[in-house]
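Biologist: Please take a close look at the charged side chains of this chain. I would like to know how they pair and how well they are covered.

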Amino acid sequence: MILPIYTYGQPVLRKVAQDIPLDYPDLQQLIADMYETMEKSDGVGLAAPQIGKAIRLIVITLDPLKEDNPEYADFKRAYINPHIVEYDTSETDSYEEGCLSLPGIHEPVKRPKRVRLQWVDEQLQSHDEWIEGFHARVVQHEVDHLEGKVFTDRIAPLRKQLVKGKLNALQRGRVNAHYRVKPPR
Ligand code: NI
């Protein structure tokens with residue numbers, strides 16, 4: 001089932017999401033719905049607060065990037081209770097990000113290239129791994145959602161000034177997207 005995406009200004013996007021028990025009701029169905037919602041809206045990642053739930057659950061697909069990165073073919077994963085426990089700040093890069101909750105805004109964001117992530121996968125196996133590259137970038141973007149942050153919180157002050165009008169419009173519920181949304185009211 002495709003779920004509506006909560007957009008900028010919705011209070012749930014500012015909440016710190018909580019870990020869930022692994023017997024969380026209908027968890028596999030929720031993951032399936034999040035995959036479907038992400039794919040139908042052409043996203044590469046989706047965090048549970050974006051569908052109105054303040055829980056630590058994200059889904060990511062890197063398959064759309066397979067032309068430049070063959071290793072990402074069929075890459076589609078769910079991360080239950082993800083936590084970034086270490087940042088390798090020795091190397092950062094800047095890349096233009098967007099977000100399904102902030103349609104119409106694309107801005108470069110500087111992030112570390114490698115992070116150490118702990119999570120539980122769809123088969124309920126625990127992981128503790130260093131991840132890197134585009135994978136690490138998307139994970140950082142999605143885990144930010146679980147901390148009540150959005151990517152425009154991390155852009156340079158001058159750029160933030162430039163997108164202020166767009167953010168205000170979203171906050172007032174003026175949203176233009178090709179997928180189903182749930183704007184603030
Ligand atoms: Ni996002």
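Modeller: What follows goes from the whole chain to its charged residues.

This is a predicted model, in which local features need pLDDT of at least 70, side-chain atom pairs count only at pLDDT 80 or more, and totals for chains, interfaces and linings use all residues. Residues are numbered from 1 along each chain as its sequence is written, and side-chain values use heavy atoms, without hydrogens and water.

The chain has 3 helices and 7 strands. These are DSSP runs, numbered from the N terminus: helices are H or I with at least four residues, strands E with at least two. Their order is β-α-β-β-β-β-β-α-α-β. Of the 185 residues, 46% are buried. Buried means under 20% relative accessible area, exposed over 50%, and partly exposed in between, with a 1.4 Å probe and protein chains only.

Now the charges. There are 25 positive and 28 negative side chains. Lys and Arg count as positive, Asp and Glu as negative; His and the chain ends are not counted. Side chains of opposite charge can pair when their charged atoms come close. The count comes to 16 salt bridges. Each needs a side-chain nitrogen of Lys or Arg within 4 Å of a carboxyl oxygen of Asp or Glu.

Take E97 and R111. Their side chains meet in a salt bridge, 2.7 Å from N to O. E97 lies in strand β4 (residues 76–97) and R111 in strand β5 (residues 107–120), so the pair ties together parts 14 residues apart in sequence. E97 is buried at 5% relative accessibility. R111 is buried too, at 3%.

Both belong to a network of salt bridges that links D93, E97, R111, R137, D144 and R154. R137 sits in helix α2 (residues 133–146). Its relative accessible area is 7%, so R137 is buried. Leaving out residues up to four places away in sequence, R137 touches D93, S94, Y95, E97, V109 and R111; contact means heavy atoms within 4.5 Å.

Strand β5 also holds E107, which pairs with R159 of helix α3 (residues 157–171) across 52 residues of sequence. That salt bridge is 2.7 Å, N to O. E107 is buried at 4%, whereas R159 is partly exposed at 35%.

R56 and D19 form another salt bridge, with the closest N and O atoms 3.9 Å apart. The two lie in loops, 37 residues apart. R56 is buried at 3%; D19 is partly exposed at 45%.

D33, in helix α1 (residues 27–40), breaks the pattern. D33 is buried yet has no salt bridge, and K53, the nearest side chain of opposite charge, is 8.6 Å away. Beyond its neighbours within four places in sequence, D33 contacts M1 and L3.

Note on methods
The place of a charge is taken as NZ of Lys, CZ of Arg, CG of Asp or CD of Glu.
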